[in-house]
Amino acid sequence: GPLAAKMPGLRAYHQNHIVDKSQLAIDHARGGWDLDGFSELWFDDVATMERAIASEAYQAVVADSPHCMAATRVIVANQVTVVPLQGRPAIKRMSVLQRRADISAEDFRREWLDVHAPLVARFPAIAGYRQNVVTACGPAPGIDADADGLAPDGIVEMWFHNQQDLVAAFQSPAAELSQRHALSFLQTITTFLVDVHELV
């Protein structure tokens, strides 16, 4: 963490340590993602990110990676805030999405951003909701890549103030409607609960 925090141009850096790998209140096929964590690094643009990866500070990250990681992938995404964070919620839920084989990337984005987002925004007691639309995915330079080559189409971030709110939200009529819509364009949804560590 402290090594990656030294990368130039870094606006923010959060580690999301996975604490629960169950499917968490939804009846949808789970994908092949078996993860221990998500690192989120924010840059102003792709060029700034590429300069950071070319920096001496990144080489220290590469050298340290074998001590804590078996495999990693770099996912570049555009982030869309649908429900702004309300306070400092205690629970964060992240989901990796893969579209159906018969759905194009363009159709996936339209369904997810324009149709699905308003449905999820109606969940009761939701304390935050962000969509990360994946634009690129591949091996981290200098670091061994995940051998299975899985590539997501989107990553969801949802927040709730407590476990009761999370359960109530996914038992609501709004959730039933959103899950029915998800079946029309998603092949898998792989959900996790995470413990957030803000380093920058």
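**Cores, strands and a helix face**

In this predicted model, the largest nonpolar core comprises 27 residues, and those with the most contacts inside it are Trp-112, Phe-123, Ile-126, Tyr-129, Met-158, Phe-160 and Phe-170. Two or more residues each come from strand 4, helix 3 (105-121), strand 5, strand 6, helix 4 (163-170), helix 5 (173-182) and strand 7 (186-198), and helix 3, with four residues, gives the most to this core. In soluble globular proteins, nonpolar side chains tend to be buried together.

Tyr-129 offers a way into the surroundings of this core: leaving aside residues up to four places away in sequence, Tyr-129 touches Val-80, Thr-81, Val-82, Val-83, Trp-112, His-116, Ala-117, Val-120, Val-156, Glu-157, Met-158 and Trp-159.

Several of these contacts lead to strand 6, which spans residues 154-160 and is mostly covered, with seven of its seven residues buried. In a regular strand the side chains alternate between the two faces of the sheet. Here Gly-154, Val-156, Met-158 and Phe-160 point one way from strand 6, while Ile-155, Glu-157 and Trp-159 point the other way, and all are buried. Strand 6 pairs with strand 4 (residues 91-99) in the antiparallel sense over seven bridges, and Lys-92 stands opposite Trp-159 in that pairing. Strand 5 (residues 126-139) also pairs with strand 6 in the antiparallel sense, over seven bridges, with Asn-132 having Ile-155 as its bridge partner in strand 6.

From strand 4 the pairing can be followed onward to strand 7, since these two strands run antiparallel and are joined by eight bridges, with Arg-93 standing opposite Leu-193 in strand 7. Strand 7 is in turn joined by six bridges to strand 1 (residues 12-20), again in antiparallel fashion, and there Gln-15 stands opposite His-197.

The remaining region to consider is helix 1 (residues 46-53), whose buried residues are Thr-48, Met-49 and Ala-52. Seen down the axis of helix 1, these buried residues fall within an arc of 100 degrees, so they line one face of the helix. An α-helix has 3.6 residues a turn, so residues three or four places apart point the same way. What covers the buried residues of helix 1 includes helix 2 (56-64) and strand 3 (73-83). At the start of helix 1, a side-chain oxygen of Asp-45 reaches to within 3.4 Å of the backbone nitrogen of Ala-47.

Methods:
Residues are numbered from 1 along each chain as its sequence is written. This is a predicted model: local features need pLDDT of at least 70, side-chain atom pairs count only at pLDDT 80 or more; totals for chains, interfaces and linings use all residues. Side-chain values use heavy atoms; hydrogens and water are left out. Buried means under 20% relative accessible area, exposed over 50%, partly exposed in between (1.4 Å probe, protein chains only). The arc is that of the directions from the helix axis to the C-beta atoms. Contact means heavy atoms within 4.5 Å. A polar contact is a pair of N or O atoms within 3.5 Å; within protein, one must be able to donate a hydrogen and the other to accept it, and residues adjacent in sequence count only if both atoms are side-chain atoms. Two strands pair if DSSP finds at least two bridges between them. A nonpolar core is a set of buried Ala, Val, Leu, Ile, Met, Phe, Trp, Tyr and Cys residues joined through side-chain atoms within 4.5 Å.
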